[in-house]
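Q: Please pick out any enclosed space inside this model and give it a close look. Once that is described, follow the parts around it outward, so that I can find my way through the rest.

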Amino acid sequence: MIFEHRFRVRYAETDQMGIAHHANYIVWFEAARVEWSRSLGVPWGDIEASGFAQAVHDVHIRYRRPTRFDQLLAMRVAMIEARGPRMRFAFRLHDAVDLDAAGPDASDVLAGGSIELVWVTRDGRPTRLPRDHPAAHIFGAVEALPDWGV
């Protein structure tokens with residue numbers, strides 16, 4: 001499943017030249033992942049209320065072209081691996097107007113990357129999401145797309 005989250009570059013996310021600061025891309029990755037979860041019927045707040053969270057283990061970003069203030073973006077996200085306590089997601093950031101014109105197989109990526117997360121308990125200890133947890137069944141039914149990474 002490839003999920004798409006659309007948003008605009010906000011003024012506060014830019015430098016004096018109107019270009020989005022590189023640190024914002026990680027925030028955008030997270031927003032897309034949380035919306036991916038919500039689209040599956042699993043609001044992230046419900047997971048955290050049940051005593052589980054995900055800690056970042058690894059982040060990789062490749063910047064290809066700058067994004068600018070008020071630019072409409074489309075962040076595409078897919079789960080590329082779920083193994084034990086770890087989940088990996090890949091992200092591709094597109095100009096939404098260009099993506100709409102090119103279609104879902106568009107190759108013009110502004111930035112791309114991946115995040116590897118580890119399930120943790122409230123006290124920060126690595127764990128697996130219990131099989132009887134409602135999110136475990138839903139996430140387990142999502143097909144991982146290992147070849148979709150950037």
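A: Let's start inside: the structure holds one cavity of 30 Å³ or more, and this is a predicted model, so please read everything below in that light. The volume of the largest cavity is about 30 Å³. If you would like to find it on screen, select Glu 81, Arg 83, Arg 86, Met 87, Arg 88 and Glu 116, the residues that line it. Two elements, S3 and S4, give two or more residues each to this lining. Of the elements, S4 gives the most, with three residues. The chemistry of the wall is worth a pause: five of the lining residues are charged, one is nonpolar and none is polar.

Charged groups invite a look at pairing. In general, side chains of opposite charge can pair when their charged atoms come close. Two of the cavity-lining residues, Glu 81 and Arg 83, do form a salt bridge with each other, with 2.7 Å between the closest N and O atoms. Glu 81 has a relative accessibility of 23%, so it counts as partly exposed. Elsewhere, salt bridges with shared partners link Glu 4, Arg 6 and Asp 100 into one network.

Let's open up that network. Arg 6 pairs with Asp 100, and their closest N and O atoms are 2.5 Å apart. Because Arg 6 sits in strand S1 (residues 3–8) and Asp 100 in helix H3 (residues 96–102), this salt bridge ties together parts that are 94 residues apart in sequence. Arg 6, at 33% relative accessibility, is partly exposed, while Asp 100, at 51%, counts as exposed. For contrast, consider Arg 38 and Glu 35, which form a salt bridge at 3.2 Å between their closest N and O atoms. These two are three residues apart in helix H1 (residues 24–39), which means about one helical turn separates them. Both are partly exposed, Arg 38 with a relative accessible area of 45% and Glu 35 with 25%. In total, the model has 11 salt bridges.

Now back to the strands that frame the cavity. In general, strands of a sheet pair through backbone hydrogen bonds, either parallel or antiparallel. Here five strands make an open sheet in the order S1-S3-S4-S5-S2, and the pairing is antiparallel. S1 and strand S2 (52–63) stand at the edges with a single partner strand each, so one side of each has no neighbour in the sheet. From one strand to the next, the twist averages 25°.

The two main contributors to the cavity lining are themselves partners: strand S3 (residues 72–83) and strand S4 (residues 86–95) pair in the antiparallel sense over 10 bridges. To check the register by eye, find Ala 74 and then His 94, its bridge partner in S4. On the other pairing of S3, S1 joins in the antiparallel sense over six bridges, and there His 5 stands opposite Met 75 in S3. S1 also has two faces to tell apart: Phe 3, His 5 and Phe 7 make up the covered one, and Glu 4, Arg 6 and Arg 8 the uncovered one. Arg 6, already met through its salt bridge to Asp 100, is therefore on the uncovered face and partly exposed.

S3 and S4 turn up again at an open space. The largest pocket holds about 350 Å³ of space. It is lined by 16 residues, and those closest to its centre are Ala 82, Gly 84, Trp 119, Leu 129 and Ala 136. Two or more residues of this lining come from each of S3, S4 and helix H4 (134–141), with H4 giving the largest share, four residues. The pocket lining divides into 10 nonpolar, two polar and four charged residues, whereas the cavity lining has one nonpolar residue and five charged.

One last stop lies in the loop between S2 and S3, where you will find Asp 70. Asp 70 is not a glycine, yet it has a positive phi of about 70°. With a relative accessible area of 41%, Asp 70 is partly exposed.

Definitions and conventions:
Residues are numbered from 1 along each chain as its sequence is written. This is a predicted model: local features need pLDDT of at least 70, side-chain atom pairs count only at pLDDT 80 or more; totals for chains, interfaces and linings use all residues. Side-chain values use heavy atoms; hydrogens and water are left out. A salt bridge is a side-chain nitrogen of Lys or Arg within 4 Å of a carboxyl oxygen of Asp or Glu. Buried means under 20% relative accessible area, exposed over 50%, partly exposed in between (1.4 Å probe, protein chains only). Two strands pair if DSSP finds at least two bridges between them. Axes are lines fitted to C-alpha atoms, for helices over the stretch in contact, and angles run from 0 to 180 degrees between N-to-C directions. On a 1 Å grid over the protein atoms alone, a cavity is a set of points where a 1.4 Å probe fits but cannot get out, and a pocket is an open set with protein on both sides within 12 Å along at least five of seven lines; lining residues have an atom within 4 Å of a point. Grid points are joined across faces, edges and corners, and a volume is the space filled by probe spheres set on the points. Ala, Val, Leu, Ile, Met, Phe, Trp, Tyr, Cys and Pro count as nonpolar, Asp, Glu, Lys and Arg as charged, and the others, Gly among them, as polar.
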